[in-house]
Amino acid sequence: MKIPAGFTLGVATHTGRVRTHNEDDYLIGALAEASPPLLFVAVADGMGGVAGGADASRLALRALASAVLDGEATAVPAERCRSGCAAAAQRIAEQAELAPILRGMGTTLTGVVVQGTAAQVVHVGDSRLYHWRRGVLTQVTTDHAVREPDNRLLRCVGGGSRTCVPDLHELVLRPGDRLLLCSDGVWSVLPPPQLEGALVANGAPQAAAEALVAAALGLGGPDNATAVVVDVGTAAAGTVACALPVGERPERRRDWPPALIRRAPWWPWALLVAALLLAAALLLHDGWRFGFGW
């Protein structure tokens, strides 16, 4: 895809080693004709364990992107983000009404709109945006969640609500800055020093994104893990090509640990053996009863 010159991107996502499917999603878009050119990056984490989590994250990202990347819109980025989140909540609610199993589906949503040196942040939930500058890593977003004892989201897009009020604030970027957007399958698994080390010690953004997700998998990969890394360079006219990995994992598949969940489950066989033993015991009992006059 094409992105504004002066930026470099890297992405990685993985189902994890425990989950059965990936409810994380990300979206990258650009308006090259805007002045200055606009770059939009966002991640979403569908509510784990709720049917439709993957649908919720996809719907939210598309609704937000539609508002932000509307080339005809005259609203400032903050207003576009606000209206995009409202549209996302409405679409998720409408989808959830179509089937009882989808009721309550929701998602986190964290994104950034960059034009020149100004970055507009939009955030709901507990995915995170980090800002690294000259050796200092700062968590920009505030988690809308209670981690203990039940890891409960306090705010999300959807979740039975037709409305959404996101956190909105601005950053001023400089050449040399690095941004990280990630789901909690990355930041909640990696200790802060390890997260920062993987983010800044692996050169290009793609290598950093892969290193972050691989590190989370190496520590058990208990959740879906997604990382998007953005390097801010010197502003320049025009666009540059950005080759992003296709599919869930980069080409170097042998470097990624296998998902434990992909192993054949043992419990169906255990149930079958138990059922056969029970049937055999009943047959023997009936045989003894009728054969010996019980």
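**Buried, bonded or exposed: reading the terms**

Visitor: Why is Cys242 called buried?

Guide: Cys242 has a relative accessible area of 8%, and because buried means under 20%, exposed over 50% and partly exposed in between, with a 1.4 Å probe and protein chains only, Cys242 counts as buried. The model is predicted, so local features need pLDDT of at least 70 and side-chain atom pairs pLDDT 80 or more, whereas totals for chains, interfaces and linings use all residues. Residues are numbered from 1 along each chain as its sequence is written, and side-chain values use heavy atoms, leaving out hydrogens and water.

Visitor: How do you know that Cys156 does not bond to Cys164?

Guide: A disulfide is a pair of cysteine sulfur atoms within 2.5 Å, and since the sulfur of Cys156 lies 8.1 Å from its closest cysteine sulfur, that of Cys164, the distance is too far for a bond. By this rule the count of disulfides is zero. Cys156 is itself buried, at 19% relative accessibility.

Visitor: What makes Leu272 partly exposed?

Guide: Its relative accessible area is 41%, which falls between the two cut-offs, and therefore Leu272 is neither buried nor exposed.

Visitor: Which residues form the largest nonpolar core, and what makes it a core?

Guide: A nonpolar core is a set of buried Ala, Val, Leu, Ile, Met, Phe, Trp, Tyr and Cys residues joined through side-chain atoms within 4.5 Å. The largest one has 27 residues, and those with the most contacts inside it are Phe40, Leu64, Val68, Leu109 and Val157.
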